[in-house]
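User: Could you take a close look at how the strands pair up in this one? I'd like the local picture first, and then how it sits in the rest of the chain.

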Amino acid sequence: MKLDGLIHRVESYLPGADVDVLRRAYAFSAEKHVNQKRASGEPYVSHPLAVAGLVADLRLDVPSLATALLHDTVEDTLTTLDHIRADFGEEVADLVDGVTKIGRINFASREEHQAENLRKMILAMSRDLRVVLIKLADRTHNMRTLDGLPVERQEKVAQETLDVYAPLAHRLGIAWMKGEMEDSALRALHPEVYHQLKRMVSKKKTERERYIRNVQSSLKRKLEEAGIEAEVSGRPKHFYSIYEKMRRQNLLYEQVFDLVAFRVVVDSVRECYEALGIVHANWTPVPGRFKDYIALPKANGYQSLHTAVVGPDTQRIEVQIRTRDMHRVAEEGVAAHWRYKDGAGTELADVQRFSWLRQMVEWQQQVSDPHDFLHGFKESLFGEEVWVFTPKGDLRHFPQGATVIDFAYRIHSEVGHNCTGARVGGRLVPLRYVLQNGDTIEIITTRRQTPSRDWLKLVVTPRAKEKIRAWLRGQQAARSQEVGRAILERDLQRHGIDLGRLESDGTLERVALELGVADLATLVAEIGYGRRAVSDVLARVAPGVHPAPERAPGRLQELLRLVGRRGSAEGVRVSGLPEVLIRFARCCDPLPGEDIIGFVTRGRGVTVHVMDCPRALEADPIRRLDCVWDGAAETARPVRLEVLVANEPGQLAAISRVLAQAGIDIRKAEARTVAEDKALFTFEILVHHADELRRVRRALTRLKSVVRVDRLRV
């Protein structure tokens with residue numbers, strides 16, 4: 001790509017465009033990147049120029065093209081956004097800011113860094129979808145030039161592309177970008193598979209091209225005989241789609257029959273259905289393979305009729321039938337909706353169809369954990385969807401496996417919280433009912449119903465998961481307030497101090513501020529959670545008091561006499577009790593590295609819980625004992641994991657291999673089918689530390705077939 005070629009291409013679809021801006025942007029970029037080279041050895045400016053060429057392929061406007069030329073200047077040079085703003089204006093500066101990664105902040109992990117970059121991109125694209133189109137053009141060119149990077153770096157970039165950018169291109173309806181990125185990723189991640197497929201496809205190239213010509217000519221003739229003028233084209237499938245089908249169905253290349261897809265483009269919707277009738281009249285349809293995406297468009301706006309038939313020579317072929325406008329949307333996706341206005345920038349027509357983006361923006365603002373965020377982001381992008389109707393006939397899209405609880409939370413948080421079931425076509429169904437295409441859903445609610453932790457196992461949408469977690473956290477916070485107040489009142493009374501007086505005269509509010517806590521309620525909650533010691537408060541309200549280490553008073557002392565004494569086992573030390581029987585709560589299965597708290601259990605020693613375990617918060621505060629992990633302990637602890645995967649051959653072996661490579665022992669494994677295309681594995685594994693568990697979960701989520709990985713707690 002040369003600058004003159006870029007300008008010529010832009011002028012072909014934007015007559016009268018201010019191409020001087022592009023000349024200035026190119027000169028600016030060339031100057032800032034003058035001493036930089038790409039990994040391939042080419043001058044760095046070749047990259048932004050190529051990205052601008054891809055943006056031109058999407059037929060975007062001049063500010064988008066200028067941003068493509070400038071997109072790496074802030075990230076990779078000393079240029080600031082103020083420089084961009086001064087030379088190219090506010091619009092281009094905002095676009096460059098949206099495209100620029102977060103690079104000057106220290107993050108605890110690569111996962112956290114990736115999560116924050118995705119958050120920034122989501123927020124930027126919610127304000128202006130041009131941001132994500134430029135990001136996709138950038139990633140497409142990076143994948144084209146991947147060979148210049150070290151192998152390990154190639155694999156990381158390729159995996160991220162499969163996890164995030166290719167599904168994002170699919171969601172935005174840009175099919176050619178998705179296909180190219182997936183094929184490039186396959187070449188980097190599985191080069192032997194890619195080159196074998198390439199050889200196999202090339203071997204039959206002449207035969208395949210002759211077959212495509214014959215089918216094209218036959219189909220065009222039959223359509224003309226019916227008075228339908230149509231464009232008929234045929235192409236072999238992408239390597240990645242062939243690979244996925246072979247892997248999913250455990251097939252050899254020779255066993256994959258539908259390797260060729262044909263496209264019929266006509267003038268009207270009526271002719272689409274007429275053409276479908278002609279295809280089915282001449283070739284036998286394959287049962288279950290017809291999809292009407294014209295009457296029921298995909299969430300990204302895609303419309304077509306899809307069918308599979310047994311064509312000439314008994315070969316299976318796929319046929320897509322659409323109008324010219326549908327074809328433009330199918331090829332360009334969201335970019336096809338942009339309207340260009342002289343000197344007035346751009347606006348997105350019909351942006352409401354991208355409801356998944358609005359939901360993602362709302363959800364990402366509520367999720368703080370990087371692992372949960374990345375997991376939910378990928379779940380939102382991947383997989384097929386089901387469409388269902390509200391009682392008023394409005395259409396809603398959901399990921400496969402969504403239940404009526406997901407539907408209820410899509411309507412409103414309170415509807416979700418109070419959902420007791422639903423009517424589907426007039427028939428009562430329970431909360432676990434999985435939505436099916438074409439269902440009409442009517443949610444049933446009652447004020448007596450509230451969410452439970454078990455609901456998290458029934459929902460798949462990030463919005464529903466986060467709303468349930470937020471409600472549970474709220475309940476825990478309320479309980480921690482009660483527990484914290486009881487503990488504070490008890491310990492202050494021990495020293496003759498009245499809690500009510502300290503509250504009324506504002507002393508405790510002052511203490512909270514001195515301890516760096518937002519307010520008194522937060523201080524009391526932290527005491528309830530066990531994150532703050534009462535001695536911190538006592539030192540400020542009664543500086544002359546120097547309490548001795550706490551001894552278990554009254555009823556607690558009696559309980560301790562009843563539990564008996566033994567050497568401290570399992571790597572936990574209990575405050576003030578060097579020798580006591582230790583057991584771990586099965587409700588939360590504490591791991592070294594997690595904050596813990598102990599409770600005296602009559603006749604059974606001290607039971608150790610995770611600090612924020614709901615059952616720990618509900619326990620009697622007088623039975624609480626501070627606990628810490630013994631740093632020298634190396635005892636492995638049992639943990640239960642639930643892994644939801646695509647129901648394909650070899651999944652148990654793949655998961656077992658990941659666990660074995662991580663040095664994890666499997667004590668128990670169970671498997672069951674939960675939907676037509678999903679399987680659920682439950683493992684009990686031995687883990688030494690919370691960090692080890694996090695690494696294992698990350699490794700499992702990198703498997704392409706894995707939908708989610710959850711730690712099971714009662």
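Analyst: A quick word on terms: helices (H or I, at least four residues) and strands (E, at least two) are DSSP runs, numbered from the N terminus. With that in hand, the protein chain has 29 helices and 22 strands. Keep in mind that this is a predicted model.

Let's start with an open sheet. Five strands make it up, in the order E14-E18-E16-E17-E15, with mixed pairing. Strand E14 (572-574) and E15 sit at the edges with a single partner strand each, so one side of each has no neighbour in the sheet. On average, neighbouring strands here are turned by 35° against each other, direction ignored. The pairing at the E15 edge is with strand E17 (residues 606-610): the two strands run in the parallel sense, and 3 bridges join them. To find your way on screen, pick Phe584, whose bridge partner in E17 is Val608. As background for looking at any such sheet, side chains in a regular strand alternate between its two faces.

Follow the chain on from E15 and you get to a loop worth a pause. Asp589 lies in the loop between strand E15 (582-584) and strand E16 (596-600). Its phi is positive, near 45°, in a residue other than glycine. Is Asp589 buried or exposed? With a relative accessible area of 1%, Asp589 is buried, because the cut-off for that is under 20%.

There's another aspartate to set beside that one. Asp313 is in the loop between strand E5 (305-310) and strand E6 (316-323), and its phi is also positive, near 60°. Here the relative accessible area is 62%, so Asp313 counts as exposed, the cut-off being over 50%.

Now for some antiparallel pairing. Strand E11 (residues 419-424) runs antiparallel to strand E13 (residues 441-445), and 5 bridges join the two; Cys419 stands opposite Thr445 in that pairing. E11 also pairs with strand E12 (residues 427-429), again antiparallel, through 3 bridges. Val424 has Arg427 as its bridge partner in E12. The hairpin of E11 and E12 has 2 residues between the strands, and Gly425 takes a positive phi near 60° there.

How does all this sit in the rest of the chain? Of the 714 residues, 50% count as buried. The largest nonpolar core has 68 residues, and Val10, Ile84 and Leu136 touch the most other members. Helix H10 (residues 151-171) gives this core its largest share, 8 residues. Ile84 is a handy spot to zoom in: beyond its neighbours within four places in sequence, its contacts include Phe28, Leu70, Val74, Val92 and Val96. In soluble globular proteins, nonpolar side chains tend to be buried together.

One helix makes a good sanity check. At 1.5 Å a residue, the 15 residues of helix H9 (residues 130-144) should span 21 Å, and the end C-alpha atoms are indeed 21 Å apart. H9 is mostly covered, too, with 13 of its 15 residues buried.

Finally, the whole-chain numbers. Among contacts with a separation of 6 or more, 67% are between residues 24 or more positions apart. The chain exposes about 34,100 Å², and carbon and sulfur atoms supply 48% of that.

Key:
Residues numbered from 1 in each chain as written. Predicted model: local features only at pLDDT ≥ 70, side-chain atom pairs only at ≥ 80, totals over all residues. Heavy atoms only, no water. Expected span 1.5 Å × (residues − 1). Buried < 20%, exposed > 50% of the residue type's maximum accessible area, 1.4 Å probe, protein only. Pairing = 2+ DSSP bridges. Axes fitted to C-alpha atoms, helices over the stretch in contact; angles between N-to-C directions. Core = buried A, V, L, I, M, F, W, Y, C linked by side-chain atoms within 4.5 Å. Contact = heavy atoms within 4.5 Å. Areas by Shrake-Rupley, 256 points an atom, 1.4 Å probe, with all protein chains shown as cover.
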